[in-house]
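Hi everyone, thanks for coming. Let me put the structure up on the screen, and then I'll walk you through a few parts of it.

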Amino acid sequence: MTTQISRRFVCTVKQEDASLVPQHEENGLLVIKSLLPIKLGFEQKTVIHSLDDNRLYSHGPATLLATRSMSVFSSSIKLLAERHYYKTIIAGHLSGMGVPESEWSYIFGRIFRVVDVAVPNVVIDVTISDVTTITYDNHARTAEDMVVSESLERYRAKLIPATKSSIEGLEKVRVDNLEEEEVEQQCSRPKKRSRQSCVICLDPLDAARTTEEQDSCAEQEVTINRLPCSHLYHGECIVMWLKINHMCPMCRYPMPTVEEAKPLQSIT
């Protein structure tokens, strides 16, 4: 099985139904307000891409990281001469939300494309998604110690790895030391209930990383790692992941990214 991990930013911009524009009467005349409300949202999500059927599957709900709201004059923001001013305002919001500056130009283009044809007083929703895509190819053969492909190197600079000490300090758990009920679900009744799997490689947690399937759970001596959020992974899988991305693949629990400074020893 080949596993590839990639990261990209997707910006979706849309305006609500223009027929819902609030209308006001002043002195018997119909007046439409000229403000243009804009809502910004920044989220993270993980998508599974299976090459077997070439389909994308959402890996749990998106995690909303930050939101911002602003209202501008519709007639003003549509003027090319005012674009730089409004880009500066939007850039301030994007910076405060944690959106990488390298993505701002792309986001500006998406926003102003909708602004140019926007109806006043109707909300424009801007959703910026930080998407991690895990691609699986069950038919590809790889080396035994390979969990992710060479394409990871292209994204290493954009992702923040966990600290070396936090990776080395991960709790190690033996399958036979897990709770008895969990072991039964994983080993004793495979036909009734699927065994818990490592979401990175998709292999069962209680399966040794060998070419031959072992007959029983009792014969296995498999060590797995548990993150502080309690999620379990094969040791080699999660170590490779955390060397590139400091967040738990399942719940995005953040592992430390900065090594703690060692206390200075006093000289006597």
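**A helix pair and what surrounds it**

Let's start with two helices: α2, residues 83-97, and α3, residues 104-115, have axes that come within 11 Å and cross at roughly 120°. That angle makes α2 oblique to α3. As for handedness, the α2 and α3 crossing is right-handed. Please keep in mind throughout that this is a predicted model.

Which residues meet across this pair? On the α2 side we have Arg83, Tyr86, Lys87, Ile90, Ala91, Leu94 and Ser95, and they meet Trp104, Ile107, Phe108, Ile111 and Phe112 of α3. Sorted by character, the residues of the α2 contact with α3 come out as nine nonpolar, one polar and two charged.

Now let me step back to the chain for a moment. We are looking at 268 residues, and buried ones make up 40% of them. The chain has seven helices and ten strands. If you take contacts between residues at least 6 apart in sequence, 72% of those join residues at least 24 apart.

On to the cores. The largest nonpolar core holds 28 residues, and the members touching the most other members are Ile124, Val126 and Ile128. Which elements supply at least two residues each to this core? They are the strands β1 (2-15), β4 (35-50), β6 (63-73) and β7 (124-137), together with our two helices, α2 and α3. The most comes from α3, which gives seven residues to this core.

Val126 is a good place to zoom in. Setting aside residues up to four places away in sequence, Val126 touches Cys11, Thr12, Val13, Ile38, Lys39, Leu40, Gly41 and Ile111. You may remember Ile111 from the α3 side of the helix contact. There is also a second, separate core, this one of 24 residues, including Tyr136, Val175, Cys198 and Leu205.

Next, a few loops. Lys78 sits between α1 (74-77) and α2, in the loop there. Is Lys78 buried or exposed? The answer falls in the middle: with a relative accessible area of 29%, Lys78 is partly exposed. Beyond its neighbours within four places in sequence, Lys78 is in contact with Arg83, Val115, Asp116, Val117 and Ala118. Take Val115 from that list: Lys78 and Val115 are 37 residues apart along the chain, yet their C-alpha atoms are separated by 6.7 Å.

For another loop, look at Gly169, which is found between α5 (164-168) and β8 (171-174). Gly169 is exposed, at a relative accessible area of 57%. Its C-alpha atom and that of Asn225 are separated by 9.9 Å, with the two positions 56 residues apart along the chain.

Finally, for those of you who like backbone angles, I have two residues to show. Asn121, in the loop between α3 and β7, is not a glycine but has a positive phi of about 65°. Arg252 is also not a glycine, and its phi is positive too, at about 60°. Where does Arg252 lie? You'll find Arg252 in the segment after α7 (235-242). Arg252 counts as buried, because its relative accessibility is 12% and the cut-off for buried is under 20%.

That's my tour, and I'm happy to go back to any of these views.

Definitions and conventions. Residues numbered from 1 in each chain as written. Predicted model: local features only at pLDDT ≥ 70, side-chain atom pairs only at ≥ 80, totals over all residues. Heavy atoms only, no water. Axes fitted to C-alpha atoms, helices over the stretch in contact; angles between N-to-C directions. Helix = DSSP H or I, 4+ residues; strand = E, 2+ residues; numbered from the N terminus. Parallel < 35°, antiparallel > 145°, perpendicular 65-115°, else oblique. Left-handed = near helix turned anticlockwise from the far one by under 90°. Contact = heavy atoms within 4.5 Å. Nonpolar A, V, L, I, M, F, W, Y, C, P; charged D, E, K, R; others polar. Core = buried A, V, L, I, M, F, W, Y, C linked by side-chain atoms within 4.5 Å. Buried < 20%, exposed > 50% of the residue type's maximum accessible area, 1.4 Å probe, protein only.
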